[in-house]
Amino acid sequence: MDTRILGFDSPLFSTLQHILEATDDADKSFNSPSRKYVRDAKAIAATPADVKEYPNSYVFVVDMPGLKSGDIKVEVEDDNMLLVSGERKREAEEDGAKYVRMERRVGKFMRKFSLPENANTDKISAVFQDGVLTVTVEKLPPPEPKKPKTIEVKIA
């Protein structure tokens, strides 16, 4: 962008523009994280959750104020990864209204939880009420203790 078009033809503004352009080029380097990775990391960090363990289940509680159940997706990936994701959309602006301050997060959100080995991924339920998502993952029953096996001794 040419700063002279906007009436900013001072050396200070051209130097700032040069620095910003150099920063953009540096962000595209091979070693820098991809935009998707950065976006996912921000989405994970901005989605707080509590995890509780009960004798027969694990419960994941995620605050999601202002969302509808249709905005939320709960999935199991790779048989042991619980993924909660969705998107909070920006409210439509009313006539004559403008934001003075906007602190509530909009955009995609996501949380991943590694499930323990005794989690029964076939028995997962999700309930969304009053802006709180509660995902319950039942535990598999403990394995039966092995009983001694009696082997018949034959006469040769």
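The backbone nitrogen of Asp122 lies 3.1 Å from a polar atom of the Asn120 side chain. That is a polar contact (a pair of N or O atoms within 3.5 Å; within protein, one must be able to donate a hydrogen and the other to accept it, and residues adjacent in sequence count only if both atoms are side-chain atoms). Asn120 sits in strand β6. Strands here are DSSP runs of E, at least two residues long, and helices are runs of H or I, at least four; both are numbered from the N terminus.

The model is predicted: local features need pLDDT of at least 70, side-chain atom pairs count only at pLDDT 80 or more, and totals for chains, interfaces and linings use all residues. Residues are numbered from 1 along each chain as its sequence is written, and side-chain values use heavy atoms, with hydrogens and water left out.

Is Asn120 buried or exposed? Asn120 is buried, because its relative accessible area is 14%. Buried means under 20% relative accessible area, exposed over 50%, and partly exposed in between, with a 1.4 Å probe and protein chains only. Asn120 touches Val137, Glu138, Lys139 and Leu140, leaving aside residues up to four places away in sequence. Contact means heavy atoms within 4.5 Å.

Now step back to the whole chain. The chain has 156 residues, and buried residues make up 19% of them. There are two helices and seven strands. Along the sequence, the pattern reads α-α-β-β-β-β-β-β-β. Among contacts between residues at least 6 apart in sequence, 51% join residues at least 24 apart. The accessible surface comes to about 13000 Å², and 53% of it belongs to carbon and sulfur atoms. Such areas come from the Shrake-Rupley method with a 1.4 Å probe; for residues, only the protein chains shown count as cover.

Confidence varies along the chain. The mean pLDDT is 79, and 71% of the residues reach 70 or more. This score is the predictor's confidence in each residue, from 0 to 100. Among the elements, helix α2 (residues 35-45) has the lowest mean pLDDT, 59, and β7 the highest, 94. Where pLDDT is low, the predicted coordinates should not be read in detail.

Next, the sheets. Strands of a sheet pair through backbone hydrogen bonds, either parallel or antiparallel. Here two strands count as paired if DSSP finds at least two bridges between them.

What is the strand order of the four-stranded open sheet? The order is β1-β2-β7-β6, with antiparallel pairing. At the edges stand β1 (49-53) and β6 (119-129), each paired on one side only. The twist averages 15° from one strand to the next. Such angles run from 0 to 180 degrees between N-to-C directions, and the axes are lines fitted to C-alpha atoms, for helices over the stretch in contact.

Start at the β1 edge. A hairpin of three residues joins β1 to β2. β1 and β2 (residues 57-63) pair in the antiparallel sense over five bridges. Val51 stands opposite Phe60 in β2. At the other edge, β6 and β7 (residues 132-139) are antiparallel over seven bridges. Val127 has Thr134 in β7 as its bridge partner.

The loop between β6 and β7 holds Asp130. Asp130 has a positive phi of about 50°, although it is not a glycine. Asp130 is exposed, because its relative accessible area is 74%. After β7 comes the segment that holds Pro143. Pro143 is also exposed, at 74% relative accessible area. Its C-alpha atom is separated by 9.9 Å from that of Asn118, 25 residues apart along the chain.

The other open sheet has three strands in the order β3-β4-β5, again with antiparallel pairing. Its edge strands are β3 and β5 (107-114), and each pairs on one side only. The twist averages 15° from one strand to the next. β4 and β5 pair over eight bridges. Across that pairing, Val84 stands opposite Arg111 in β5.

Ser85 also lies in β4. Ser85 is buried, because its relative accessible area is 13%. Which residues does Ser85 touch, not counting residues up to four places away in sequence? They are Asp71, Ile72, Lys73, Phe109 and Met110.

One loop remains. Asp78 lies between β3 (72-77) and β4 (81-88). Asp78 has a positive phi of about 50° without being a glycine. Asp78 is exposed, because its relative accessible area is 68%.
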